[in-house]
Structure formats: C-alpha cells, structure tokens
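User: Could you walk me through this one before I start on the figures? I'd like to go through it chain by chain and stop wherever something catches my eye.

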Amino acid sequence: MHIDLKTVKIDPLRQTFANVADRIGSDKPASRYQEATLGLQPDANFHYRPTWDPAHELFDPARTAIGMKDWYAFKDPRQFYYANWTMTRARQQDAMESNFDFVESRGLAASLPEDLKSTALHLLLPLRHVAWGANMNNFSICAYGYGTAITAPSSFHAMDQLGIAQYLTRLGLLLAGPESLDIAKQAWLKLPEWQGLRSYIEDSFVLKDWFMLFTVQNFVLDGLLYPLVYDRIVDDHLAMRNGSAVAMLTAFMTEWYEETAKWVDAQIKTAAAESTANRDLLSEWTRTWRERAVSSLVPVVTGALGEQAQVASDEVLGQFNSRAAKLGLSV
Amino acid sequence: MSKVFIAFQANEDSRPVIEAILEDNPDAVSTTSPAMVKIDCKDRLVIRRESIESRIGRSFDLQEIQLNLITLTGHLDEDDDQLTLSWKR
Amino acid sequence: MDMEASKKKLGLKERYNHLTRGLGWETTYQPMEKVFPYTRYEGIKIHDWDKWEDPFRLTMDAYWKYQGEKEKKLYAIIDAFAQNNGHLGVSDARYINTLKLFIQGVSPLEYMAHRGFAHVGRQFDGVSARIACQMQSVDELRHAQTQMHTVSNYNKYYNGMHSWRHWHDRVWYLSVPKSFFDDAMSAGPFEFVVAISFAFEYVLTNLLFVPFMSGAAYNGDMATVTFGFSAQSDESRHMTLGLEIIKFILEQDPGNVPIVQRWLDKWFWRGYKVLTLVSMMMDYMLPKKVMSWKEAWEIYGEQNGGALFNDLARYGIRKPKGWEQASIEKDHLSHQAWSTFYNYGAAALFHTWTPTDGEKDWLSAKYPDTFDKLYRPRFEHWEQQAKEGKRFYNGTLPMLCTTCQIPMFFTEPTDPTKICYRESDYKGDKYHFCSDHCKDIFDYEPEKYVQSWLPVHQIYQGNCFNPGVDPTVPGFDPLRAVLDYYHTNFGRDNFDFEGSEDQKNFARWHGDDAGGA
Ligand SMILES: [Fe+2]
Ligand SMILES: [Fe+2]
C-alpha cells in the first residue's frame, strides 16, 4: 500500500502505557527498559489463594519483612530487559567460546603446571554446585518476590549463575575430563573443607523471606566469594604462576561479578534508604550471614592460598564491610 | 495414522531447511500461508544435518533451526546428526 | 585424568548430562522435603527424576546465542515499524482491535507464565526439569516484554491499549484469561505444569500463535507477526517440554494416571474456554481472513490434539471429557462470542461492528450449517437498527459462569437456540455454570472456585466504583461509574468502530478526510 505521509501530520495521542506513565509522567516517551518493567506485575484481585501458600496471595508484599512504599523504586543500573540482557550475554559467550577454543587449540591445558592444574580443579569444580545453588535462590527471589523491577533481573541473574555452573563444568571437561566432575562432587559432599559452604547454601534454600535470601546469596556470599576466588586466586595467584589459561576460562565470572555487583548494590541501597526498619533488618542479616560466609570460605581457599588464606579473606572482608557501609548498612 | 508437522517462517534462511526436509521425507507435504511454510508428514519426519549442509556449503548446527522455527508437533528426538519428529516411539 | 578423555568429543546427550544433571545433589543439612516442599502434596509420585529428559538439550551458551540472534532480528523489525509508521500499513483500522484484545488479555498471561515457571523452575526436585522450566520462565518474560515493545507503537496512536494492566485485573471479560492463569498458578506445581506446558502450550497455543499470526501478516502487521512467530519458536520448545513432562509423570507411577487424566479434563476445558476470544478474533476481527476458527480447530485441535491423545492411549489416557462438545461447538463459538461483545460494546474496551456483506458471505461459506440459519439474521437485524440510528447496546450486566467467568451465552450442545445453564449448591449458596464441564470443575474443588473474583458480582456488590462515588444519588449511571473505575476513556475506548476516533484518525492519516473504513 502506498501512503503519502508528507501531507499529513501524525501526532501521537499518548506517549506510553498508563502503568509506565504513572511512574515517569505522561509527557515523555518511555525507554524500552521502562516499558518492559514498570508495573508489569499484577497487583490486584487475585482469584484464588495458592494451595502451596494459602497464607499469601499469589503475589504478596508480605513475603518479606522489608517494606516499600513503591516496589518499583528498585532500579537496574544496567537497564536490563530480556533483549539487551540476552544480547549482552551472547556477546560475552562469543568471547568465552574463543577463549575455550584458544586454550584447547594451543594445548594450553596440557602445558599447565600439574600442581597448578590440580589446585584450580580442586577449588573451582565444586563451585559449580555453589553456582547452581545461587541459581535456585535467584529463582526463589523471582518467583516469590514483589514487583517486576526486582524479580525480572533476578531471573536473569539466576540464568547467569547456571551459565557460570556450566562454564565451570566445561572447564573441568577441558582440563581433566568427565571424572574430574565426579571427584569434585564427592569433595563437595564429603570433604570437610567444603561442608561449611555446603551447609550455608542448604540453609539458604529453606529461607522464606525472599529479600533476606537476596541479601544472604547475592550480597553476602557472592560479595565475598567472587573477589576471593576469581580476583585473589584465579586472576592473581594462579595467573602469576603460569596459570593464565585458567583465568581465560573464567573470564566471564570476573566480568560478570563486576557488572552484577552494581545491580545488587542498587537493590540493597534502595531498600536501606527506604526506612530505618529496613536498614536494621538488612544490617542484621548481613552481619549474621557474613560471619558464616567467611568461616566457610577460609577452608575452601586454603588449598590454593595456604597460610595466606586467612589474610586474603580478612582483606576481602574489609572491602566488603566498606561496601556495606557505603550502601547505608551498619555492620 | 497420525500426522506430525513442523512450520518455519517463510524466509531465505528457511529455504534450504525446507528443501532438505522435502527431499529426505518423500511423504512430506508443504503448505504455504502468509509468512509461514508448514510441512506435514504422516507418523514421522526427519531433518538431517548433512542434507542441509550440502545445500548451504557450510557446517550447520541443528539447533540453528530454532531461529526460524514456528511450531512443531510429535515426540522430538535430537542428536548431532538428525532431528526426528514422530508419534510412534 | 588423562588428556585422551578431554580430547574425545562428547556427544550432545552426554555433554548435556554433565552440564545439567551433574550440578544437583541430595541435600543433607536440610532435608530434601524442606528444600523442595511443594512436590508431594498433589499425590503425584516420582521415583526417579533423572528419567526426565529435555529433548532440545539446551545449555546456556547455545541459549544465549540463539535467543540473542532472535532478539536482534525482532527488534530490527520493531524499530523499522515504528520509524516508518508501520501501523498505517495494516489492512484496515478494525484490525488494530485484535491487538487491543491481545495486550489486554494475552500479554499479561505471558507475564504470569514467567512467574509461574520461575516457581516450578525452583521447586521441581529434578535438575533437568528445573532447567527446562527456568528457560521457559525467561522465555515467557521475553514474550511479555516484546509484546509491550511491539504494541507500544500502536498505543501511541490508537485507543484501547493504554491501561491494559489496570484492565486485566478488573474488567469483566478479562477475568476469563486472568482467572485461568490464577487457577493454574495457585494449583500445585505438577498441576501447573500439566495445565500450562501441556494443555495450554501443546494443545492450544498453536491456535493463537500460528493461524492468528499468519493472519496478522496477511493484514500487513509485520511487527506483530514477527513477535508472534518468534515467540512461538520458543513455544515449540515449551510444547516439547510439555509432552516430555506428561510422559514422564505418567511413566513414573501408575497411580499418577487418574490424577493426570482429571487435570487433562479440567485444563482442556479451561483452555478451550479462553480460546473463545481467539475464535472471534479470527472470524470477525481480522479484516482479511486466512482461515476460519472452525478450520483452525480442525487442524490444530482435532487432528493435532487427536494424534497426541492416540499416542497417550498406551498409558491409559483418554481424550479429555469436553472433546466432543468442543467439536460440536466449533460451528457456533465465534458467532456467539462476537454477538455478545457486540451487545456489550459500551462496556468493552475495543471496538465492535457488524460484519460487512463480503464478510457475511465468507462466514456463510465457512459455516454452511449454521451461519445463515442462526447468526446472519441477528447481525442483519443489528445492522438495520444501527442504520436507523439505534445501534443496540445492552445496558444490563451478564451473569457469569463461576468457573470460566464467561457470560452465560453458550447454547446447549443439543440445541443451539437454548442457552445452557447449570448450577450447584455449596454451603447454602447457589453457583452458576455455562456447561457441564465447568460445573464438574467446580464440584471437584468448590473451596477454590468460591473464591473467584467475579467482576459482575463485584459490580453489584458496589466494589467497582471509584472512592467517593455515591450510587444512591438520583440519576446515578452505574455503567458509567464502572467504566470510570476501569479508567476508560469514555467514548474513545469503547462503542462501535463506526464513528470511532481510531477510524477517523486512520482515515485522516491516510489523507482520506471523508472517513469510513
Ligand atoms: Fe509465551
Ligand atoms: Fe464456564
């Protein structure tokens, strides 16, 4: 059909949907992130109580002790919605694929010093279970949380954690073959150095308050684990000892942590700024679980760092504490 | 007799896939509607990686068909070399 | 660990197992029943979760790669559509009303599917089952968001879309899709997955996303057809998951068979009733038609669903109870539905109209046994009234079926001139139903369905007026008050297409000041 548009002026009747305009004003067009996020979740007239949780509505702000006037106060600094999330990850995945190819085709796996390889495998392979636990917890946050602004990025975060678990698995397959995965799983289940971390995660699985879970998993545990394992050990300790092949295979994790920590910080900061009650709760959760996280991580990194483990953990903890303080928590 | 079917967006990327299916499954019948090509076949339909590769002159991962796939029916079995839809298992 | 092991290329299946199943473990610091607390109360017995297989074997690397490519293609088209005023390229402004129904009724369900699959993607005990559900969860978020982005451009220029969120949770006909999904999500995880993955995705979404989207293409809406087909390519993964899940549950324990059969009976009917809206979109709302509802039902319902139920017969599963009745109704469904919306056109948030002469002839040809005899006279009568300046608007409110929440307009399966009424008593109250199957669903779980937020009941109870509205003042107009509570732009969102702002603008933007379709 031919349309001669030059002669006709076509003015929009409105800029965006009411659920978006209610939050950004009706005088300007909304961004893709805003239209994909603001007010997307239903919040009224649910027909039936869930048979699996009759004390609550299907979506219910009372599933956490955190209180918010507006659950869309939470913002994602990355402005992720499905399309830009998945395209960002596709680009990173491309780079990771080249890294895996490079390590494989240059025989870098074979040239890794044996002790170093064993250190890397002992440390990293059981962490695929930790990432899998983080995946479960973030789907809990997505399923039982309130408001698309925080639940949607939690589902991306969960898928990312599955991606991390799978990169670690591929690392094991490439460096040592399938049996290495079985050995790592036995270590995860049986070896004393892993039991603190495993009990931390299993205990987090049964937490009912989804914002507490967010704090326990995304803020506290990952906030200590990623800097310690990927910064201190993989990118630093191993790389200095001719182990940069390992760093290539975990490049995603380093980059991902840097990106996602900003999102996690923004959520904690927004909740803490809302009220003293929120700030007290978040501070208390952080203090309680932080002690557990540190004491679980020290034995895990001792294999790689030896007597440096405690010092490194203390340093990472110090950084974590100042991060928490900056977000408004008293820790 | 039960029919299985698979449908693709009608575009250039789908063409070699559709040609390969029609050649590898003599009973398959294709129907074109706006923006879509649907292929029906009785009981079973096979998509072979090699048949597609021979048409496009590069290697092809069967998971790539998802880019232009619209719908399908039947039990699906996929390995590196072929994808089968069938009602008899 | 020798290098040979890693050099040997792992096959798709083996590699997939390492990347998924291998990640899980039996918890010991917390009992498994506490970690997965919801998978036992429905009576479904699972002995070995590892028997569950994802036929597509998607891992995150491939997922990101292919989904990223799909999104790149889709957004290129959405952008081009917006930049070139693509909305002016559709066949006829009446077409845009299908998109209103879509964003009001369907997109919110995509969102619910996202949250529902997040729930089961957390709760199923088996790792591969969880991963497949998780991928479905984010896929469904994709569908909700891409639909927002596509319809966003239409919303800028046309009415009936701006307050979809508010409407979906309140408006009378939108409680049909809303209650459908709330029903599934408030059920246990196994029932949810049978309801949505299987009954909805496998048996029913083809009807919405395949012939209807092909119709969108035919009517010149490339943005919608692209999100539709692109979404359906995810749905085909979900359908495969649905089939796999059902086989898995049935194979795990013979005791599961009767439970699943009951769910299939229920959810086939629940889903089919929601499709009532789709039937009229196809037969009445697409100006250029690809295929009738009846033909679509024969291909995607009867043939495809039939093939599936033949296949499941080996487990002792029979066709759902409402199967025959749906087949009888295929000659009536769209006509009865559209007539009802025409009637209540003042309270519907899209435009309605009587079919043109050409469309009436098309309907006669597609429905030779029923259209001329039963439905043509009705439309001609209304057309005549409208010509005389007395466009018929029904000012009363319809009685709703307590289960499916559709107004009671369906006729007896044996007599298309008689409205079908069924009722049940529960704890001293009477409940009304549109059909035997809706009554059965209620009777099995009355404690659930008595909770229904029935829009018409709510209106009569005074719960659907804005704060401060006084229904006792003289001259109070209840319909107008309800439409205010709905946040309707009165006179712009509702009433006949003829004379609507959409119609006038579309004509004006085409440089046709005379107006008219
Ligand atoms: Fe969907
Ligand atoms: Fe009903």
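Analyst: What follows is a short tour of chain A, some salt bridges, a few backbone details and the surface patches.

User: What should I know about how it was made and numbered?

Analyst: This is a predicted model, in which local features need pLDDT of at least 70 and side-chain atom pairs count only at pLDDT 80 or more, while totals for chains, interfaces and linings use all residues. Residues are numbered from 1 along each chain as its sequence is written, chains are lettered from A and ligands numbered from 1 in the order in which they are written, and side-chain values use heavy atoms, with hydrogens and water left out.

User: OK, chain A. How many helices and strands are there in it?

Analyst: Chain A has 14 helices and 0 strands, where helices (H or I, at least four residues) and strands (E, at least two) are DSSP runs numbered from the N terminus. Its C-alpha trace spans about 70 × 55 × 40 Å along the principal axes.

User: And what share of its residues is buried?

Analyst: Of the 331 residues of chain A, 63% count as buried; buried means under 20% relative accessible area, exposed over 50%, and partly exposed in between, with a 1.4 Å probe and protein chains only. As for contacts (heavy atoms within 4.5 Å), residues 24 or more positions apart account for 76% of those in chain A with a separation of 6 or more.

User: Switching to salt bridges: how many does the structure hold over all chains?

Analyst: There are 70 over all chains, a salt bridge being a side-chain nitrogen of Lys or Arg within 4 Å of a carboxyl oxygen of Asp or Glu. One of them joins Asp50(C) and Arg21(C), whose closest N and O atoms are 3.7 Å apart. Asp50(C) lies in the loop between helix H3 (32-35) and helix H4 (60-83) of chain C, and Arg21(C) in the loop between helix H2 (12-19) and H3, so the pair ties together parts that are 29 residues apart in sequence.

User: What about Arg142(C) and Asp234(C), how far apart are N and O there?

Analyst: In that salt bridge the N to O distance is 2.7 Å. Arg142(C) sits in helix H6 (residues 127-157) and Asp234(C) in helix H11 (residues 222-252) of chain C, so this pair ties together parts that are 92 residues apart in sequence.

User: Are those two residues buried or exposed?

Analyst: Arg142(C) is buried, with a relative accessible area of 1%, and Asp234(C) is buried as well, at 0%. A further pair in chain C is Glu412(C) with Arg422(C), at 3.0 Å from N to O. Glu412(C) is in strand S1 (residues 411-412) and Arg422(C) in strand S3 (residues 422-426), 10 residues apart, and both residues are buried.

User: Which residues are joined into one network by salt bridges that share partners?

Analyst: The network consists of Lys70(C), Glu71(C), Asp139(C), Arg142(C), Asp234(C) and Arg237(C).

User: Now the backbone. Where is Gln79(A), and what is its phi near?

Analyst: Gln79(A) has a phi near 50°, a positive value in a residue other than glycine, and is placed in the loop between helix H2 (32-37) and helix H3 (82-105) of chain A. Most residues other than glycine have a negative phi. Phe495(C) also has a positive phi, near 75°, and lies in the loop between helix H22 (478-485) and helix H23 (501-509) of chain C. In chain B, the residue Gly57(B), which follows helix H2, has a positive phi near 65°.

User: Which residues of that chain B helix are buried, and what covers them?

Analyst: In H2 (residues 49-56) of chain B, Ser51(B), Ile52(B) and Glu53(B) are buried, and their cover includes helix H1 (14-24) and strand S4 (44-48) of chain B.

User: Last topic, surface patches. Which residues form the negative one?

Analyst: The negative patch is formed by Asp231(A), Asp236(A), Glu255(A) and Glu258(A), with helix H10 (210-240) and helix H12 (251-274) of chain A each giving two or more residues. Patches are made of residues with over 30% relative accessible area and no salt bridge, like charges being joined within 9 Å and nonpolar side chains (Val, Leu, Ile, Met, Phe, Trp, Tyr) within 5 Å; Asp and Glu count as negative, and Lys and Arg as positive, with His and the chain ends not counted. The place of a charge is taken as NZ of Lys, CZ of Arg, CG of Asp or CD of Glu.

User: And which residues make the nonpolar patch?

Analyst: Met399(C), Ile419(C) and Tyr421(C) make a nonpolar patch of about 270 Å², the area coming from the Shrake-Rupley method with a 1.4 Å probe, where for residues only the protein chains shown count as cover. Ile419(C) is in strand S2 (residues 415-419) of chain C and is partly exposed, with a relative accessible area of 31%.
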